[in-house]
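Student: Hi! Got a few minutes to go through a structure with me? I'd like to take it piece by piece.

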Amino acid sequence: MTTSKPVLEISKLTKHYGGVKALTDANFRLMPGEHVAIVGDNGAGKSTFVRLITGAEQPNSGDLLLDGKKVSFKSPLDARDQGMETVYQTLALAEDLDVPANIFLGREITRINLGPLSILNHKAMREQSTSMLSTTGVKIQDMSESLRGMSGGQRQCVAIARAAGFAKKLIILDEPTAALGVAETARVEQIIQGLKARGIPLIIISHNLRQVFDLADRIYVFRQGRIICNRLTSQTNPQEIVGLITGAIDPASLAPEHAKITEETLEETV
Ligand SMILES: Nc1ncnc2c1ncn2[C@@H]1O[C@H](COP(=O)(O)OP(=O)(O)OP(=O)(O)O)[C@@H](O)[C@H]1O
Ligand SMILES: [Mg+2]
């Protein structure tokens, strides 16, 4: 059994919006190199969870440990500075900027850097953006056009290329292929497999169970603002996951010894 420590450990994370209990007492763990999927019905609290752990919103309570150190991100930029890249469900791109400006937003490449007198290296940013985007397979005619005129799928690919290109410690994708066609979805899944090969841990939120079972080592099930259980992909099946999502299966009915085996197997697989 290895003694590797979680990359990310979250305990008792809670967020209520007035009377809406978006998330209550969420406990979550991501091990080095692990790819975890989050599933759950609409409104189950998945995106809230992502916004809370990446500094886009502040929780009411709860703790977050990154590499064993307690952190509290003030903003998504703060999380990015610490190697955590996120593609939000609502993308968070600048509509009026072109593709390279969006990809390098907040970390522009400069030719001369004298503080306020820095000169941007547009050529380098354009070339790197083209190569990062080519991995997604998306076709964008003119990189210098603003995002305003682009399709949902094209925008999604810009956000994914940016996150995959810069992720150092971990990457979080909230429904990354929801707006993509079949070919682009396959390319994005290849990018995710590439991150797996590079050992970059990942959290993916998806309603697509085929995708979840193809990509994830472990599945966390959210239901009505709570994380009700997690299952190793190799020890569950789509029917069981659907039952847990809808409430047809009570997580307490799953054999406790199975949960114990899951923990041990997890330790052995990392
Ligand atoms: N800013 C907000 N103010 C009030 N309520 C909110 C806010 N954001 C989310 N909620 C509520 O919190 C709950 C969880 O929402 P969340 O967006 O996390 O769901 P989700 O699991 O990501 O759903 P989906 O699969 O549709 O993306 C919902 O009931 C939602 O209406
Ligand atoms: Mg969501």
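**Strands, helices and a few odd residues**

Tutor: Happy to! Lysine 12 is a good place to begin: this residue sits in strand E1. Bear in mind that the model is a predicted one.

Student: What is the phi of lysine 12?

Tutor: Phi there is near 55 degrees, a positive value in a residue other than glycine. For context, most residues other than glycine have a negative phi.

Student: And is lysine 12 buried or exposed?

Tutor: Lysine 12 counts as exposed, because it has 12 C-beta neighbours inside 10 Å.

Student: Which other residue has a positive phi near 50 degrees?

Tutor: That would be aspartate 67, again a residue other than glycine. Aspartate 67 lies in the loop between E4 and E5. It has 15 C-beta neighbours inside 10 Å, so it counts as partly exposed.

Student: You mentioned E1, E4 and E5. In what order do the strands of that sheet come?

Tutor: The order is E2-E1-E4-E5, an open sheet of 4 strands with antiparallel pairing. At the edges are strand E2 (20-30) and strand E5 (69-70), each of which pairs on one side only.

Student: How many bridges join E1 to E4?

Tutor: There are 5 bridges between strand E1 (residues 8-17) and strand E4 (residues 61-66), and the two run antiparallel. If you want a pair to click on, isoleucine 10 has leucine 64 in E4 as its bridge partner.

Student: Cool, switching topic. Which strands pair with E10?

Tutor: Strand E3 (residues 35-39) is joined to E10 by 4 bridges, and these strands run parallel. Strand E9 (residues 170-174) also pairs with E10 in the parallel sense, over 4 bridges. Isoleucine 203 in E10 makes a handy landmark: valine 36 stands opposite this residue, and so does isoleucine 172.

Student: How does the chain get from E9 to E10, and what is the handedness of that crossover?

Tutor: The chain passes from E9 through H6 to E10, a β-α-β crossover that is right-handed.

Student: Which way do the side chains of E10 point?

Tutor: In strand E10 (residues 202-205), Leu202 and Ile204 point one way, while Ile203 and Ile205 point the other way. All of them are buried. That fits the general pattern, as side chains in a regular strand alternate between the two faces of the sheet.

Student: Back to E9 for a second. Is aspartate 174 buried or exposed?

Tutor: Aspartate 174, which is in strand E9, counts as buried because it has 23 C-beta neighbours inside 10 Å.

Student: What is aspartate 174 in contact with?

Tutor: Leaving aside neighbours within four places in sequence, aspartate 174 is in contact with Ser47, Val50, Val87, Tyr88, Gln89 and Ile205. Take isoleucine 205: it is 31 residues from aspartate 174 in sequence, yet the two are 4.8 Å apart in space, C-alpha to C-alpha.

Student: Last topic, H6 again. At what angle do H5 and H6 pack?

Tutor: Helix H5 (residues 152-166) and helix H6 (residues 182-198) pack at about 10 degrees, and their axes are 12 Å apart. The two helices are therefore roughly parallel to each other.

Student: Which residues make that contact?

Tutor: From H5 they are Gly153, Cys157, Ile160 and Ala164, and from H6 they are Glu184, Val188, Ile191 and Leu195. By type, the contact has 6 nonpolar residues, 1 polar and 1 charged.

Notes
Residues are numbered from 1 along each chain as its sequence is written. Chains are lettered from A and ligands numbered from 1 in the order in which they are written. This is a predicted model: local features need pLDDT of at least 70, side-chain atom pairs count only at pLDDT 80 or more; totals for chains, interfaces and linings use all residues. Axes are lines fitted to C-alpha atoms, for helices over the stretch in contact, and angles run from 0 to 180 degrees between N-to-C directions. Angles under 35 degrees count as roughly parallel, over 145 as roughly antiparallel, 65 to 115 as roughly perpendicular and the rest as oblique. Two residues are in contact if their C-beta atoms, placed from the backbone, lie within 7 Å. Ala, Val, Leu, Ile, Met, Phe, Trp, Tyr, Cys and Pro count as nonpolar, Asp, Glu, Lys and Arg as charged, and the others, Gly among them, as polar. A residue is buried if 20 or more other C-beta atoms lie within 10 Å of its own, exposed if 12 or fewer, and partly exposed in between; C-beta atoms are placed from the backbone. Two strands pair if DSSP finds at least two bridges between them. A crossover is right-handed if, with the strands pointing away from the viewer, the path from the first strand over the helix to the second runs clockwise.
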